[in-house]
Amino acid sequence: MLTSSRQCRCCGATFAQLLSLSCDRPDQCPEDLVVQDNSAVLAQTGDVLTDDFCRIGDLRFVRAVLAIPLADSDGQEFILGTWANLGVEDFDAYLDLLDMQETESLGSRPAWLANAIPPDNGTPVACMLHMRPEGQYPELQVSEPNNPLAPLQNQGAQLEELFELLHTYGHDLASLVYDS
Ligand SMILES: [Zn+2]
């Protein structure tokens with residue numbers, strides 16, 4: 001089932017493709033802000049959105065991933081490309097270290113999940129942002145044990161729970177898998 005190459009009815013994506021979804025901007029970033037090359041974050045002042053960075057007023061965001069392991073799946077994960085809201089000092093340190101490819105030395109920093117997951121869940125979620133080796137986006141780990149994302153992240157999601165989550169993004173996979 002997990003390697004199914006069948007496609008979602010709504011968008012044509014395969015199940016494998018739906019195992020990674022991506023948010024192109026933090027929820028607090030206006031929709032009309034154009035995505036620029038990463039160099040714009042240093043070259044410009046004021047509000048800016050690039051592939052991996054975002055600055056809105058006093059708010060600072062970096063692209064991150066949030067992984068939800070699939071229960072009973074030999075280590076497959078649902079990877080959500082999302083954004084982390086972190087402090088100005090940590091953001092500046094991240095940018096400085098990026099040049100030297102040493103962001104991993106930042107270790108783990110407190111951050112807020114900057115996209116509602118699922119999309120209708122508007123409460124900000126406290127996380128830890130774990131830096132990873134060069135070339136990999138830092139990874140968000142939910143640090144509120146009572147948030148519904150915490151057990152999914154810690155114990156893994158059942159397939160049905162993953163379908164439910166995907167469905168909140170408009171993807172209709174359950175019927176697709178069970179119909180045939
Ligand atoms: Zn779809």
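Student: Which residue is the bridge partner of A84 in β7?

Tutor: The partner of A84 is L113. This is a predicted model, in which local features need pLDDT of at least 70, side-chain atom pairs count only at pLDDT 80 or more, and totals for chains, interfaces and linings use all residues. Residues are numbered from 1 along each chain as its sequence is written.

Student: What makes β6 and β7 a pair of strands?

Tutor: Strands are DSSP runs of E with at least two residues, helices are runs of H or I with at least four, and both are numbered from the N terminus. Two strands pair if DSSP finds at least two bridges between them. Strand β7 (residues 108–113) is joined to β6 by two bridges, running antiparallel, so the definition is met.

Student: How do you know that β5 pairs with β6?

Tutor: Ten bridges link β5 (residues 59–69) to β6 in the antiparallel sense. One of the partnerships is R60 with L86 in β6.

Student: In which sense does β1 run with β6?

Tutor: Strand β1 (residues 20–22) runs parallel to β6, with three bridges. L21 is opposite L80 in β6.

Student: Why is β6 called mostly covered?

Tutor: Seven of the ten residues in β6 (residues 77–86) are buried. A residue is buried if 20 or more other C-beta atoms, placed from the backbone, lie within 10 Å of its own, exposed if 12 or fewer, and partly exposed in between.

Student: Why is C8 called partly exposed?

Tutor: C8 has 18 other C-beta atoms within 10 Å, so C8 counts as partly exposed. C8 is in the segment before α1 (15–18).
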